[in-house]
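This report covers one metal-binding region and one helix pair. Please view the structure first.

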Amino acid sequence: MHDAASGVVPYHAHQFDDAEQQYQTSTLGMWLFLGQEVLFFGAVFATYFYYFFLYPDAFEAASNHLSLTLGAFNTVVLIGSSLTMVFAVHAAQHGTKRAQMAWLVATMILGIVFLCVKAYEYTHKFHEGLVPGELFTYHGPDAPQHQLFLCLYFAMTGLHALHMIIGIGILAALVLLANRDWFNAGYYSPVEMTGLYWHFVDLVWIFLFPLLYLIGRH
Amino acid sequence: MTETVVHEAHDASVNYLNADYGVRSWLFTKDHKRIGLLYLASITVFFALGGLAALMIRLDLLTPAGDLVRDDTYNKLFTMHGVVMIFLFLIPSIPAVIGNFVLPLMIGARDLAFPRLNLASWYIFNIGALFAAWALLAGGIDTGWTFYTPYSTMSSNSNVLSGAFGAFITGFASILTGVNFIATIHRMRAPGLTWNRLPLFVWAMYATSIIFILGTPVIAITLLLMMIERAFHIGLFDPALGGDPILFQHLFWFYSHPAVYIMILPSMGVISEIITCFSRNRIFGYSFIAASSIAIALIGFLVWGHHMFVSGQSANASLIFSLLSFFVAIPSAIKVFNWTATLYRGSVRLQAPMVYALGFIGLFTIGGLTGLFLSTLATDVHLHDTYFVVAHFHYIMVGGALMGYLGAIHFWWPKMTGRLYNETLAKIAAIIVFVGFNLTFFPQFVLGFLGMPRRYHVYPDEFQVLNVFSTAGASILGIGYLLPVLYLIWSMRYGPKAEANHWGAVGLEWQTSSPPPTENFDHTPVVTSEPYDYREPVEVKKVA
Ligand code: HEM
Ligand SMILES: [Cu+2]
C-alpha cells in the first residue's frame with residue numbers, strides 16, 4: 001500500500017473509482033509513454049550505430065571535435081539533478097511543501113545550467129565551422145563522415161535538450177501548483193510522474209555522453 | 001471541481017448528445033464518445049479528399065496516353081491519395097472513431113483513462129493533418145507516400161517538408177491514443193471482466209496500441225532525419241555525401257510494415273464482434289483469436305525487409321525476412337479459420353454489418369494470400385513495384401480494413417446516434433461496395449502479373465481493357481461509399497429511434513441506453529459470464 005489511498009484527494013477525476021486506481025493508472029500511462037520514448041531515441045541511436053559501424057575511424061576522429069571537459073561537467077550536473085529530483089519526490093510524498101518546492105527549483109536550476117553549457121558548446125561549434133550544412137568548413141580527411149557525425153551529434157543532443165526544456169517547463173508548473181497547496185501526502189502523482197520523466201531524460205544522456213564524447217579517446 | 005453531480009443519467013431522455021449544446025461543448029469536450037464523433041467528422045473529410053485523388057487517378061488511367069493530367073500532376077495525385085488515405089484516414093479510422101467510442105463502453109468504464117489527452121490527440125491530429133493537407137493541395141508532393149530518399153531530400157521540388165512535418169505531428173496523436181487505450185484496458189475494466197472475458201475488439205485495440213507505442217516514434221525520427229537532410233543538405237541518407245538510402249528504407253518500413261497491421265487489426269476485432277452477433281454463436285477459439293492479435297502485433301515488427309527485396313539489402317537478410325513473412329501470415333489465417341468455424345451451425349442473419357463482415361473475410365483472404373506471393377523472394381523480383389502489389393494491399397486495406405470500418409459504423413451506429421438507418425439501403429450499399437471493389441482491383445492483379453508497373457500513368461495499349469474495367473469498378477465503388485454518407489446523415493434526423501440493444505448483442509455497450517448517458521452507465525456493470533454467450537434463446541427473440 002502507498003499513501004495515495006489514505007489521504008483525501010481533491011483532484012479525483014470522475015472516470016476513476018478511487019484514488020488508488022487513479023494513481024495506478026497514471027503510473028502505467030507514464031511508463032507506456034516512456035516506452036514510446038525508448039523507441040523514439042532508439043531510432044536515432046540505431047542510425048548512429050549504423051554509421052558508427054560503417055565509419056568507425058572517422059567517427060572516433062570526429063568525436064575529438066567535442067569538448068570532453070564540458071561533456072563531463074554536464075554529465076555531473078545532470079546526475080546531480082536526478083538526485084535533487086529524487087529529494088523533491090520524497091518531500092512531496094511526505095507533504096512537506098517548502099522542501100518540495102526547494103528541491104524542484106534546485107532541479108530546474110541544474111537543468112538550466114546544463115542547457116547553458118550546451119548552448120555554449122553549440123555556439124562554439126558554430127564559430128569553429130562545425131555546424132553541418134552550409135556553415136560546415138572542416139576540410140580534413142573524411143570530411144563527409146565528420147559532418148555526418150556532427151549532424152547526429154546535433155540531432156541527438158538537440159532532441160535531448162528539447163526534452164530538458166519541456167521537463168523544466170513542467171517543473172516550473174509543479175512549483176507553481178505546489179505553492180498553491182495542490183499536492184499533499186495523499187496526492188502527489190504529478191511530481192512522481194515528472195520524476196520518472198526526468199530520470200529517463202538523464203538516462204538518455206548517460207548513453208549519449210560515451211557515444212558522442214568518449215569513443216575517440218583511448 | 002467538486003463532486004455532487006446530479007444523477008441525470010436516470011432520466012433516459014438525457015444522453016451524451018443532448019446533455020450540452022453549442023460548439024464549445026464539443027470543442028472542449030472530454031467525453032470519449034464526443035471525441036469519437038469529432039474524429040469521425042475529421043477523417044470523413046479526409047476520406048473524401050483521398051477519394052477525389054483516387055478518382056482523378058482512375059480517370060487518367062482510362063487511356064494509355066494518360067490524357068487527363070500531366071506527368072508531375074499524376075505523381076502528386078498518387079502521393080496525395082496515399083498520404084491522405086494512410087496517415088489521415090486509415091490509421092486513425094477504427095481506433096480513433098470506433099475504439100474511442102465503444103472501448104470504454106465495452107469494458108464498463110466511465111471514460112478512457114486520460115480524457116484530456118484524448119481531446120489533445122484530436123487537436124494534434126488536426127494540426128498535423130492541416131500541414132499535410134496544405135502541402136498536398138498548395139503545390140503538392142511528388143515522392144509517393146513512402147518519401148524515399150535521396151529523391152525526397154535532394155531532387156524533389158515539391159512541398160516535402162511541410163507534408164512530412166504533418167505526418168510527423170499526426171504520429172503523436174496515435175501515440176497518445178495508444179497510451180490511453182492500454183492504460184484504460186489494464187486498469188479500468190468493470191468488476192468480473194477478466195482478461196479472458198474481454199471482447200475480442202478490445203484485444204485488437206490492445207494489439208494495435210502496442211504498435212502505436214512501439215512503431216510510431218520510429219517513423220517520427222525517420223521523418224525528422226529526412227527533413228534535416230532536406231533542409232540542410234546533409235548526407236544522412238544521400239550516398240553522394242556518405243549516407244545510405246537503404247537505412248532510410250529500413251527505418252521507414254520498420255514502422256510502416258507494422259503500420260499496415262495498425263490498419264487491419266482493428267478491423268479484425270470488429271469482425272469478431274459482428275460475426276458472433278449475427279450468427280448467434282459463441283466465438284470459435286476465443287483464446288486463439290485474442291493471442292493471434294498480439295502475435296501479429298509482435299511478429300509484425302520482424303518482417304519489414306520484405307519491402308526491400310530488390311533494394312540492395314543483403315541476400316541473407318532477404319531470406320530471413322521472407323521466412324518471417326510467412327510466419328506472420330499464420331496468425332491471420334488462424335483468425336480466418338476461426339471466424340469461418342463460428343459461422344458453422346450458427347443462425348446467420350444477413351443484416352448490413354454482417355454483409356460487410358462476410359465481404360471482409362473473403363477479400364482479406366485474397367489480400368493475405370497474395371501477400372505470400374510477394375513474400376516469396378523469387379516471385380517478388382517479378383511482382384515488385386507492379387500493379388500486383390497495388391492490388392494486394394488494396395485487397396487488405398480497402399477490402400479488409402475499410403470494409404471492417406464500414407461494418408463497424410453500421411453495427412454501432414444505433415448506439416452512437418440512437419437512430420436506425422434504412423436496412424435495405426444499407427444492404428444494397430454493402431453489395432455495391434463489394435462488387436465495385438472487386439471490379440476495381442481484381443484486374444490490377446492481372447495487370448501487375450503482366451508487368452504493368454505502379455506509379456506510371458502512361459502504359460502500352462494492350463493494358464487498356466483491364467484498366468477500363470478497373471476505372472468502371474472504381475465508379476461503382478464511389479457510389480457504394482456515397483450512399484452510406486447520405487442515408488446515415490439522413491437517419492440522424494429522420495431515422496426511427498433505436499432501442500438500447502438493437503441487435504440483441506451481448507456486449508456491455510448494449511446494456512446502456514442508445515445513445516448512452518455521458519457517464520456511460522447508471523451503475524457500473526458486473527460481468528459474470530464469458531463473452532459472446534449467445535446461447536440463450538431469449539436474446540434471439542428480442543430481435544426477431
Ligand atoms: C498476411 C500477411 C502479409 C504479407 C505476407 C504481406 C506481404 C507483402 C509484401 C512482401 C509486400 C512487398 C511487395 C513489394 O513491394 O514487392 C507487401 C506490400 C504491401 N502490403 Fe502486404 N502483406 C501482408 C499483409 C498486409 C496487410 C495486413 C496490409 C495492410 C493493411 C498490407 C499492406 C501492404 C502495403 C501498403 C504494401 C505496399 C507498400 C508500398 O510499397 O507502397 N499487407 N506486402
Ligand atoms: Cu509489409
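H392(B) places a polar side-chain atom 2.8 Å from a nitrogen atom of ligand 1 in this predicted model. H392(B) also serves the metal: NE2 of H392(B) is the single protein donor to the iron atom of ligand 1, at 2.2 Å. The residue sits in helix α13 of chain B.

Two further side chains approach ligand 1 through polar atoms. In D380(B), a side-chain N or O atom is 2.5 Å from an oxygen atom of the ligand. In R454(B), the corresponding distance to a ligand oxygen atom is 2.8 Å. The table collects these contacts.

| Side chain | Ligand 1 atom | Distance |
|---|---|---|
| D380(B) | oxygen | 2.5 Å |
| H392(B) | nitrogen | 2.8 Å |
| R454(B) | oxygen | 2.8 Å |

**The shell around ligand 1**

Which residues come nearest to ligand 1? Out of 20 surrounding residues, they are V260(B), D380(B), H384(B), H392(B) and R454(B). By class, the shell holds 10 nonpolar, 8 polar and 2 charged residues. Three helices of chain B each contribute at least two shell residues: α8 (245–279), α11 (352–375) and α13. Helix α13(B) gives the most, with 5 residues.

**The copper ion**

Ligand 2 is a copper ion, and three histidines coordinate this metal. The donor atoms are ND1 of H257(B), NE2 of H306(B) and NE2 of H307(B). Their distances run from 1.9 to 2.0 Å. Along the chain, the donors follow the spacing H-x48-H-H. How far apart are the copper ion and the iron atom of ligand 1? The separation is 4.4 Å.

**Helix α13(B) against helix α2(B)**

Helix α13(B), which carries H392(B), also packs with another helix. Its axis (residues 387–417) comes within 14 Å of the axis of α2(B) (residues 32–60). The two axes cross at roughly 145°. The crossing is left-handed. On the α2(B) side, the contact is made by L37(B), L40(B), I43(B), F47(B) and R58(B). On the α13(B) side, the contributors are Y387(B), L402(B), Y405(B), I409(B), W413(B) and M416(B). What classes do these contact residues fall into? The split is 10 nonpolar, no polar and 1 charged.

**In brief**

Helix α13(B) links the two topics. It supplies 5 residues to the shell around ligand 1, and it takes part in the left-handed crossing with α2(B).

Note on methods
Residues are numbered from 1 along each chain as its sequence is written. Chains are lettered from A and ligands numbered from 1 in the order in which they are written. This is a predicted model: local features need pLDDT of at least 70, side-chain atom pairs count only at pLDDT 80 or more; totals for chains, interfaces and linings use all residues. Side-chain values use heavy atoms; hydrogens and water are left out. Axes are lines fitted to C-alpha atoms, for helices over the stretch in contact, and angles run from 0 to 180 degrees between N-to-C directions. Helices (H or I, at least four residues) and strands (E, at least two) are DSSP runs, numbered from the N terminus. A crossing is left-handed if the near helix is turned anticlockwise from the far one by less than a right angle, and right-handed if clockwise. Contact means heavy atoms within 4.5 Å. Ala, Val, Leu, Ile, Met, Phe, Trp, Tyr, Cys and Pro count as nonpolar, Asp, Glu, Lys and Arg as charged, and the others, Gly among them, as polar. A residue is near a molecule or strand if one of its heavy atoms lies within 4 Å of it. A polar contact is a pair of N or O atoms within 3.5 Å; within protein, one must be able to donate a hydrogen and the other to accept it, and residues adjacent in sequence count only if both atoms are side-chain atoms. Donors are N, O and S atoms within 2.8 Å of the metal (3.2 Å for Na, K and Ca); water is not among the atoms, so sites may look incomplete.
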